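Reader: I have a new structure open and would like to learn how to read its features. Could you walk me through it?

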Amino acid sequence: MGQVIVEVLDGRGAVRHRVDVIALPATIGRAYDSAVVLDDPYVDPVHARIVASDGWVAIEDAGSTNGIRASRGEAAARVNVVSGDTVRVGRTVLRFVDPSRPLAPTLADAQRPTTGASWATQPVVAWSVLIATTVLIVVGELWAADNRPVTSTVLSLLLGWFLLLGVWAGIWAVINRIVVHRFRFLAHMAIGSLAGAIAILFGQTEAFVGFLFPASAMAAILGIVAEVTAIGVPIALHLALVSTLSRAKRWSIALAFGAAIGAMTVASQVIDHRKFSTTPTVAARLEPLPASWIPAQAPDTFFTEVRRLRTRVDAMAAERP
């Protein structure tokens, strides 16, 4: 046997690099003219030799300072190996493989990791989304200002927003680095910013609907849809950057997570709604809209509804112990 593949392993047993040794005997050591050069201070310039043997190959100690050890850990002057065996040289673990050894089946790359989120990896697009969301935050705060000073409020809001966005994008960037060896921090910032824009737009729409149609459930429904969308969409896009999951799996995971958050929100609202209070509350806020847009009722209809509500409230109060 004149050819051996030497795999240099890291501390977790993963292959750092491979060396194709095409002629025997061959040397292992720190010397640059070694067949297998190891960057290990515990390895001698010429530490060991790979020689042919009856079984396959053997590793012989070349009079090194720290010796060689078989896969079971005992020191030896010569170690006979078969394909797949490991030998410790200094503090480096080497695995010796026969080139004809069968390989594991090739994994099918069903979909590129960035499918569906490739826009976020383009710096111009990513910065555009970040700026657009920032503008939405400022405009939304100015819209609800009601002629009060908002400079400090807007600055505090933007500071909190970018701090939260940075932490969120940083977590995904670390995951991205671990899985595919790229941070893509700006891309994850853009995706998180898109989630913020969705939440702002849906929230503003919900406020208008709640103001114009206070007796309708449309505002509550919009709120739940906004929450599921603002959570599900960015998670699916983040997963597109950090995983090789198929589109269907990514969206299934994201929507399931968003639906779970939405269900908890609904449960919380139901619990709050069932609480009895003598203080009337109005969920909708006043919006600066033309008077012709605002639905109105005749006074008789209004007072009839007031009497009906009073009867219901009195009945609920009588039921309390």
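Reader: Let me begin with Glu-7: is Glu-7 buried or exposed?

Author: This is a predicted model, so every value here is computed from it. A residue counts as buried when its relative accessible area is under 20%. Glu-7 has 7% relative accessibility, so Glu-7 counts as buried. You will find Glu-7 in strand 1.

Reader: Which side chains does Glu-7 contact?

Author: A good way to read a charged side chain is to look for partners of opposite charge. A salt bridge needs a side-chain nitrogen of Lys or Arg within 4 Å of a carboxyl oxygen of Asp or Glu. Arg-18 meets that test with Glu-7, since the closest N and O atoms are 2.8 Å apart. Arg-95 forms a salt bridge with Glu-7 too, with 2.7 Å between the closest N and O atoms. Both pairs can also be read as polar contacts: the side chain of Glu-7 makes one of 2.8 Å with Arg-18, and one of 2.7 Å with Arg-95. Put together, Glu-7, Arg-18 and Arg-95 are linked in a network of salt bridges.

Reader: Where in the chain do the partners of Glu-7 lie?

Author: Check the element and the numbering of each partner. Arg-18 belongs to strand 2 (residues 15-21), while Glu-7 is in strand 1 (residues 4-9), and the two are 11 residues apart. Arg-95 sits in strand 11 (residues 92-97), so its pairing with Glu-7 ties together parts that are 88 residues apart in sequence.

Reader: Is Arg-18 buried or exposed?

Author: Arg-18 counts as exposed because its relative accessibility is 56%. Glu-7, at 7%, counts as buried, so this salt bridge joins a buried residue to an exposed one.

Reader: How many salt bridges does the structure hold?

Author: There are four salt bridges. One of them joins the side chains of Glu-305 and Arg-308, with 2.3 Å from N to O. This pair lies within one element: Glu-305 and Arg-308 are both in helix 6 (residues 299-319), three residues apart, which is about one turn of the helix. Glu-305 counts as partly exposed because its relative accessibility is 32%. Arg-308 is partly exposed as well, with a relative accessible area of 40%.

Reader: What about a charged residue that lacks such a partner? Which side chain of opposite charge is nearest to Asp-40?

Author: The nearest one is Arg-91, 6.3 Å away, and Asp-40 is buried yet has no salt bridge. It helps to look for polar partners next. The side chain of Asp-40 makes a polar contact of 2.7 Å with the side chain of Thr-92. As for its place, Asp-40 is in the loop between strand 4 (36-37) and strand 5 (48-52).

Reader: Now the backbone, please. What should I look for there?

Author: Most residues other than glycine have a negative phi, and most peptide bonds are trans. With that in mind, look for the exceptions. A cis peptide bond joins Leu-24 and Pro-25, with omega at about 0°. Pro-25 lies in the loop between strand 2 and strand 3 (26-29).

Reader: Which residue has a positive phi although it is not a glycine?

Author: Arg-184 does, with a phi of about 55°. Arg-184 is in the loop between helix 2 and helix 3. Its relative accessibility is 19%, so Arg-184 counts as buried.

Reader: My last topic is pockets. How can empty space be found?

Author: Rolling a probe the size of a water molecule over the atoms shows where empty space is left. Here, the second largest pocket holds about 310 Å³ of space. It is lined by 13 residues, and the closest to its centre are Leu-164, Trp-168, Gly-192, Ala-195 and Ala-230. The elements giving two or more residues to this lining are helix 2 (151-180), helix 3 (185-212) and helix 4 (218-242).

Reader: Which helix gives the most to the lining of the second largest pocket?

Author: Helix 3 does, with five residues. To read the character of the lining, sort its residues by type: 11 are nonpolar, two are polar and none are charged.

Definitions and conventions
Residues are numbered from 1 along each chain as its sequence is written. This is a predicted model: local features need pLDDT of at least 70, side-chain atom pairs count only at pLDDT 80 or more; totals for chains, interfaces and linings use all residues. Side-chain values use heavy atoms; hydrogens and water are left out. On a 1 Å grid over the protein atoms alone, a cavity is a set of points where a 1.4 Å probe fits but cannot get out, and a pocket is an open set with protein on both sides within 12 Å along at least five of seven lines; lining residues have an atom within 4 Å of a point. Grid points are joined across faces, edges and corners, and a volume is the space filled by probe spheres set on the points. Helices (H or I, at least four residues) and strands (E, at least two) are DSSP runs, numbered from the N terminus. Ala, Val, Leu, Ile, Met, Phe, Trp, Tyr, Cys and Pro count as nonpolar, Asp, Glu, Lys and Arg as charged, and the others, Gly among them, as polar. Buried means under 20% relative accessible area, exposed over 50%, partly exposed in between (1.4 Å probe, protein chains only). Lys and Arg count as positive and Asp and Glu as negative; His and the chain ends are not counted. A polar contact is a pair of N or O atoms within 3.5 Å; within protein, one must be able to donate a hydrogen and the other to accept it, and residues adjacent in sequence count only if both atoms are side-chain atoms.
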